[in-house]
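User: Please take a close look at the enclosed and open spaces in this structure. I should like to know what surrounds each of them, explained for a first-year student.

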Amino acid sequence: MSGQPLARYALRVASLAVALGVWQLLTSLNVDLWLRFSQFPTVADVARAFADRLSGPDYWTDLTDSLTRILTGFLLAAVLGVATGVLVARSRLAEDVLGPILEVVRPIPAIALVPVAILLFPSNEQGIVFITCTAAFFPVLVSTRHAVRALTPVWEEAVLTMGGGRWRVLGSVVLPGALPGIFGGLSVGIGVSWICVISAEMISGQYGVGYRTWQDYTVVNYAGVFVGMVTIGVLGWVTSTAVELLGRRLTRWLPRTSYVPGVRPRATVPVSPAAAATKTETAPSTEETRDEHLVWSENEA
């Protein structure tokens, strides 16, 4: 069992190495079948460009600017999305007032709001944060709304029966019960935020990974374009993993199935409350069996 995680990590590294090897082979041989790999830089070219970028100050400035925009917009979207989702799911008045507006705005791509952000905000920086926040807001809102509506009403009734108020229900039942769904929306939201912040930086930014990637494309520096793509991929993976780990940390109370490769998990047959009560009534408990044994022994004596 201890060797299985090591084997899985080795397999992942090997798959990445094979992908890079195929990339290097196709580009170095200038393969042009249907896809034009001759136009691509080789892995070695991208590695050299990456090393040059790491040694300069511009790369780290772009990295800091993109991360600042992402974290600011995503945190705003997380707070507003969870609050709005809970409000719409718990209040009919809020659903009637906010629901139509949200459903009309939700299908609009966040990147299509770039002209609105340019007209609305006095600086490009604020406009990019607005686009990033809008991109993550709706996945968080929808996931929170569905998670709150899926909660079992018995839990809320139990808190109310014991004298708890609305705030007690919110803190003890609604938010903890909806956490898995909320973090599902946060995981989707952080990925969408990266897509939109890079696009916004390409259009109206001055610094950032997206801005630098677009500048490399305009000057036909394709190795630099791939450096930006790799940077975006790594940053997106790191931030998504951080959100997922935080979600697991906050939902440790949930039952989890341990995954064992090659072994099919056993299906659990649900038992209805009536069947459980019947089983409890028909099956004697250990205490009852022991008492009957003592009585039988005394009668024999």
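Analyst: Ala-117, Ile-118, Phe-121, Ser-123, Asn-124, Gly-127, Ile-128, Ile-131 and Ser-204 form the lining of the second largest cavity. The model is predicted, so to speak of local features a pLDDT of at least 70 is required, side-chain atom pairs need pLDDT 80 or more, and totals for chains, interfaces and linings use all residues. Residues are numbered from 1 along each chain as its sequence is written, and side-chain values use heavy atoms, without hydrogens or water.

A cavity is a set of points on a 1 Å grid over the protein atoms alone where a 1.4 Å probe fits but cannot get out; a pocket is an open set with protein on both sides within 12 Å along at least five of seven lines, and lining residues have an atom within 4 Å of a point. The volume of this second largest cavity, the space filled by probe spheres set on points joined across faces, edges and corners, is about 40 Å³. Two helices (DSSP runs of H or I, at least four residues, numbered from the N terminus), α5 (114-120) and α6 (124-149), each give at least two residues to its lining. The largest share, four residues, belongs to α6. Sorted by class, the lining holds five nonpolar, four polar and no charged residues. Here Ala, Val, Leu, Ile, Met, Phe, Trp, Tyr, Cys and Pro count as nonpolar, Asp, Glu, Lys and Arg as charged, and the others, including Gly, as polar.

Across the whole structure, the search finds two cavities of 30 Å³ or more. The largest cavity holds about 80 Å³ of space. Its lining consists of Arg-53, Tyr-59, Asp-62, Leu-63, Val-209, Arg-212, Thr-213, Asp-216, Gly-224, Val-227, Gly-228 and Thr-231. Two or more of these residues come from each of α3 (57-90), α9 (209-218) and α10 (222-250). By class, this lining has four nonpolar, four polar and four charged residues.

Helix α9 deserves further attention. The buried residues of α9 (buried means under 20% relative accessible area with a 1.4 Å probe, protein chains only) are Val-209, Gly-210, Thr-213 and Asp-216. Viewed down the axis of α9, the directions from that axis to the C-beta atoms of these buried residues fall within an arc of 125°, so they line one face of the helix. They pack against α2, α3, α8 and α10. Just after α9, Val-220 has a positive phi of about 60°.

Val-209 also leads to Ser-66, a residue of helix α3. Ser-66 counts as buried because its relative accessibility is 0%. A polar atom of the Ser-66 side chain lies 2.9 Å from the backbone nitrogen of Val-209. Leaving aside residues up to four places away in sequence, Ser-66 touches Trp-194, Glu-201, Gly-208 and Val-209, where contact means heavy atoms within 4.5 Å.

The pockets complete the picture. About 250 Å³ of space lies in the largest pocket, which is lined by Val-86, Leu-87, Arg-90, Arg-166, Trp-167 and Leu-170. Helices α3 and α8 (166-204) each give two or more residues to that lining, which has four nonpolar, no polar and two charged residues. The second largest pocket, with about 210 Å³, is lined by Leu-16, Ala-19, Leu-20, Trp-23, Val-43, Val-46, Ala-47, Phe-50 and Val-230. At least two of its lining residues come from each of α1 (3-28) and α2 (43-54). This lining has nine nonpolar residues, no polar and no charged ones.

Terms used: Buried means under 20% relative accessible area, exposed over 50%, partly exposed in between (1.4 Å probe, protein chains only). A polar contact is a pair of N or O atoms within 3.5 Å; within protein, one must be able to donate a hydrogen and the other to accept it, and residues adjacent in sequence count only if both atoms are side-chain atoms.
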